[in-house]
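Colleague: I have a little time before my next run, so could we walk through this model together?
Modeller: Gladly, let us put it on the screen.

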Amino acid sequence: MARPRVPLLSRERIREAALTLVDRDGLGELSMRKLAAELGVRAASLYGHYPTKDDLLDDIARGIMARVDTSAFEGGEWRHGLMEWARSYRAALVRHPNFVPYLASGPGEREENLRAADAVHGGLVGAGWPPREATMIGAATRYLVMGATIGSFSRGFVDDMRVYRDRYPHLEQAHLLRAKADEIDAESFELALVSFLDGLSLRYQALEQRTP
């Protein structure tokens with residue numbers, strides 16, 4: 001029998017199947033055994049491509065973080081750089097909210113995370129922020145993005161008005177939230193981001209006034 005022209009397995013196919021499983025069932029449900037069943041192969045077949053599950057997860061993390069764009073800092077305007085980085089960061093993560101808890105761990109050990117951190121920190125310090133402030137701004141932005149992607153506020157409500165109408169008078173429209181979840185979540189993130197940047201702008205002005 002002739003060998004198939006395309007191998008049954010590849011790292012790309014394994015990554016895609018693993019991420020599909022995580023998106024569907026959650027990070028805790030991913031195992032090499034379940035992944036092998038998803039791919040229609042034996043678990044042993046996976047280990048030639050990824051010796052451990054952590055190797056696989058790290059490769060998925062690298063692929064997601066590679067989509068995060070920090071190029072806006074190259075223009076030298078820190079507010080625009082932060083805004084575009086945060087938007088790009090959220091766009092990369094919001095596609096896979098079940099994977100965000102893994103991305104939240106060990107950012108200082110992954111090349112893609114370190115490149116982004118270097119670009120952000122360098123952009124902020126280059127624009128005049130003290131290094132300590134730049135570090136905290138980068139961390140605070142990351143907290144904002146992670147919080148905005150780890151789950152949907154709006155999808156936490158059910159579309160039955162009876163659940164809220166009598167017991168929670170200020171939530172009488174809460175049953176409508178789920179139907180507009182994407183819009184509300186995106187606009188809520190923009191509100192938080194712009195408010196955060198407005199506060200930083202005031203802080204930056206105060207720093208400039210103190211600088212001799």
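**Helix packing, loops and rings**

Modeller: To begin with the helices, H7 crosses H8 in a right-handed sense, and please keep in mind that this is a predicted model.

Colleague: Which residues of H7 and H8 make the contact?

Modeller: On the H7 side they are Val 120, His 121, Leu 124 and Val 125, and H8 contributes Pro 131, Ala 134, Thr 135, Ile 137 and Gly 138. Sorted by class, this contact of H7 with H8 has 6 nonpolar and 3 polar residues, with no charged residues.

Colleague: And at what angle do H7 and H8 pack?

Modeller: The angle is about 135°, and the two axes are 9 Å apart. Angles over 145 degrees would count as roughly antiparallel, and H7 and H8 are therefore described as oblique to each other.

Colleague: What about H5 and H8, how do their axes cross?

Modeller: The axes of H5 and H8 come within 9 Å, with a crossing angle of roughly 35°, and H5 passes H8 in a right-handed crossing.

Colleague: Which residues meet there?

Modeller: From H5 there are Leu 82, Trp 85, Ala 86, Tyr 89, Arg 90, Leu 93 and Val 94, which meet Ile 137, Gly 138, Thr 141, Arg 142, Val 145, Met 146, Ala 148 and Thr 149 of H8. By class, the contact of H5 with H8 has 10 nonpolar, 3 polar and 2 charged residues.

Colleague: Let me pick one of those, Ala 148; what does it touch?

Modeller: Leaving out residues up to four places away in sequence, Ala 148 touches Arg 90 and Phe 189. Ala 148 belongs to helix H8, which spans residues 131-149, and its C-alpha atom is separated by 8.0 Å from that of Val 94, although the two are 54 residues apart along the chain.

Colleague: Why does Ala 148 count as partly exposed?

Modeller: Its relative accessible area is 24%, and the partly exposed class lies between the buried limit of 20% and the exposed limit of 50%.

Colleague: Back on H5, where does Arg 87 sit and what does it touch?

Modeller: Arg 87 is in helix H5, residues 78-94, and, not counting residues up to four places away in sequence, it touches Phe 189, Glu 190 and Leu 193. Arg 87 counts as partly exposed, at 31% relative accessibility. The C-alpha atoms of Arg 87 and Ala 186 are 9.9 Å apart in space, with their positions 99 residues apart in sequence.

Colleague: There is another arginine I wondered about, Arg 110; is it buried or exposed?

Modeller: Arg 110 counts as buried, because its relative accessibility is 8%. Its place is in the loop between helix H6 (100-103) and helix H7 (111-126), and, its neighbours within four places in sequence left aside, Arg 110 is in contact with Asp 58, Ala 61, Tyr 102, Leu 103 and Ser 105.

Colleague: Changing topic to another loop, where is Ser 154, and what is its relative accessible area?

Modeller: Ser 154 lies in the loop between H8 and helix H9 (181-210), and it is buried, with a relative accessible area of 0%. Apart from neighbours within four places in sequence, Ser 154 is in contact with Leu 177, Arg 178, Ala 181, Ile 184 and Asp 185.

Colleague: Now the rings, how many aromatic pairs are there?

Modeller: The count comes to 7 aromatic pairs. One of them joins Phe 99 and Tyr 102, which form a tilted pair at 5.5 Å centre to centre with 45° between the planes. Phe 153 and Phe 157 form an edge-to-face pair, with 5.3 Å centre to centre and 70° between the planes.

Colleague: Are those residues buried or exposed?

Modeller: Phe 99 and Tyr 102 are both buried. In the pair of Phe 153 and Phe 157, Phe 153 counts as exposed at 56% relative accessibility, whereas Phe 157 is buried with a relative accessible area of 14%.

Colleague: And which residues form the aromatic cluster?

Modeller: Trp 78, Trp 129 and Tyr 204 form one aromatic cluster.

Colleague: Last one, how far apart in space are Ala 206 and Leu 176?

Modeller: They are 42 Å apart, C-alpha to C-alpha, and 30 residues apart in sequence. Ala 206 is found in helix H9 and counts as partly exposed, at 28% relative accessibility.

Key: Residues are numbered from 1 along each chain as its sequence is written. This is a predicted model: local features need pLDDT of at least 70, side-chain atom pairs count only at pLDDT 80 or more; totals for chains, interfaces and linings use all residues. Side-chain values use heavy atoms; hydrogens and water are left out. Rings of Phe, Tyr and Trp (its six-membered ring) pair if their centres lie within 6.5 Å; planes under 30 degrees apart count as stacked, over 60 as edge-to-face and the rest as tilted. Buried means under 20% relative accessible area, exposed over 50%, partly exposed in between (1.4 Å probe, protein chains only). Helices (H or I, at least four residues) and strands (E, at least two) are DSSP runs, numbered from the N terminus. Contact means heavy atoms within 4.5 Å. Axes are lines fitted to C-alpha atoms, for helices over the stretch in contact, and angles run from 0 to 180 degrees between N-to-C directions. Angles under 35 degrees count as roughly parallel, over 145 as roughly antiparallel, 65 to 115 as roughly perpendicular and the rest as oblique. A crossing is left-handed if the near helix is turned anticlockwise from the far one by less than a right angle, and right-handed if clockwise. Ala, Val, Leu, Ile, Met, Phe, Trp, Tyr, Cys and Pro count as nonpolar, Asp, Glu, Lys and Arg as charged, and the others, Gly among them, as polar.
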